[in-house]
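Q: Could you walk me through this one, starting with what you would count as a contact?

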Amino acid sequence: FTLKSTIQTQQMQLIQPEINKIQRKYEGKNDDASKMRQAQELQNLYKKYGINPFGTILITFIQFPIIIAMYQAVQRSYAVTTGSVNFLGASISMETTPWYGITHGEFMYAVIFVLMGVCQLVSMMLPQWIAKDKERKEAAKHHRKPNYQANPMGNSMYMMMIPILVLSIMWPSAMTVYWTISSFINILKTLLVQYVFINKAEKKVG
């Protein structure tokens with residue numbers, strides 16, 4: 001499910017210029033016939049690339065209860081209550097919150113927190129960066145200026161970082177470590193999907 005969702009999310013980023021082109025074509029046309037033609041053209045575009053626009057919603061519903069379960073498991077885990085990890089020579093208690101560690105002068109908690117934030121931001125923005133890089137290469141191939149399309153989800157992605165950062169600084173460090181590893185794996189997964197699955201499929205079609 002996650003692999004398919006990642007592929008479709010990245011494909012949505014890549015076909016955004018085509019989506020914008022269709023939307024501009026029917027801009028200002030509010031009659032039912034125009035709306036139906038626009039919807040049909042968008043549907044044909046999704047069908048062409050094998051995209052289900054609602055496919056990624058399924059992953060959200062699957063992941064959310066898992067995250068809640070992970071948090072509950074961390075709260076009840078004996079290893080978290082009594083355990084610690086060695087990070088760059090410093091002992092990090094899995095029970096201690098990053099906020100507590102930072103306010104008590106243990107800067108390694110700040111390092112883990114910042115690392116988590118960077119990994120999470122990169123994992124969220126990487127598909128957009130890949131799409132821009134693809135557009136830049138395509139423009140260079142046709143000797144034109146890149147036509148970067150503004151992503152309407154861009155600002156909301158940045159806004160999503162606020163509750164993530166607030167939660168991750170207040171919950172046990174075990175969850176921050178988990179979130180860091182999860183984000184890092186998501187970065188690797190995004191790169192794998194793009195450069196193995198999508199690029200391979202595009203070469204085959206091309």
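A: Contact here means heavy atoms within 4.5 Å. Please bear in mind throughout that this is a predicted model.

Q: Fine, so which residues does methionine 116 touch, not counting residues up to four places away in sequence?
A: With those sequence neighbours left out, Met116 touches Ile164, Leu165, Ser168, Thr176, Trp179 and Thr180.

Q: And what is the largest nonpolar core made of?
A: The largest nonpolar core has 14 residues, and those with the most contacts inside it are Ile92, Met116 and Trp179. The elements that give two or more residues to this core are α7 (107–141), α8 (154–170) and α9 (173–205), and the largest share, 5 residues, comes from α7.

Q: Is there another core apart from that one, and how many residues does it have?
A: Another core lies apart from it and has 8 residues, among them Ile22, Tyr26, Leu42 and Ile51.

Q: Let's stay with the partners of Met116 for a moment. Where is isoleucine 164, and is it buried or exposed?
A: Isoleucine 164 is placed in helix α8, and its relative accessible area of 13% is why it counts as buried.

Q: What does it touch, then?
A: Leaving out residues up to four places away in sequence, Ile164 touches Met116, Gln120 and Trp179. The C-alpha atoms of Ile164 and Met116 are separated by 9.9 Å, while along the chain these two are 48 residues apart.

Q: And serine 168, buried or exposed?
A: Serine 168, which lies in helix α8, is buried, with a relative accessible area of 0%. Once its neighbours within four places in sequence are set aside, Ser168 is in contact with Pro98, Phe113, Met116 and Thr176.

Q: Switching topic: at what angle do α2 and α3 pack?
A: Helix α2 (residues 16–25) and α3 pack at an angle of about 165 degrees, and their axes are 10 Å apart. Angles over 145 degrees count as roughly antiparallel, and α2 and α3 are therefore roughly antiparallel to each other.

Q: Which hand does the crossing have, and which residues make the contact?
A: The crossing in which α2 passes α3 is right-handed. On the α2 side the contact is made by Glu18, Ile19, Ile22, Gln23 and Lys25, and on the α3 side by Gln38, Glu41, Leu42, Leu45, Tyr46, Lys48 and Tyr49. By residue class, the contact of α2 with α3 divides into 6 nonpolar, 2 polar and 4 charged residues.

Q: Leucine 42 has come up twice now, so what is around it?
A: Leucine 42 has its place in helix α3 (residues 32–49), and apart from its neighbours within four places in sequence it is in contact with Ile19 and Ile22. The C-alpha atoms of Leu42 and Gln23 are separated by 8.8 Å, and these two residues are 19 residues apart along the chain.

Q: Why does it count as buried?
A: Leu42 counts as buried because its relative accessibility is 14%, and buried means under 20% relative accessible area.

Q: Last one: what does the overall secondary structure come to, and what share of the residues is buried?
A: The secondary structure of the protein comes to 9 helices and 2 strands, following the pattern α-α-α-α-α-β-β-α-α-α-α when read along the sequence. Of the 206 residues in the protein, buried residues make up 33%. Among the contacts with a separation of 6 or more, residues 24 or more positions apart account for 72%.

Definitions and conventions
Residues numbered from 1 in each chain as written. Predicted model: local features only at pLDDT ≥ 70, side-chain atom pairs only at ≥ 80, totals over all residues. Heavy atoms only, no water. Core = buried A, V, L, I, M, F, W, Y, C linked by side-chain atoms within 4.5 Å. Buried < 20%, exposed > 50% of the residue type's maximum accessible area, 1.4 Å probe, protein only. Helix = DSSP H or I, 4+ residues; strand = E, 2+ residues; numbered from the N terminus. Axes fitted to C-alpha atoms, helices over the stretch in contact; angles between N-to-C directions. Parallel < 35°, antiparallel > 145°, perpendicular 65-115°, else oblique. Left-handed = near helix turned anticlockwise from the far one by under 90°. Nonpolar A, V, L, I, M, F, W, Y, C, P; charged D, E, K, R; others polar.
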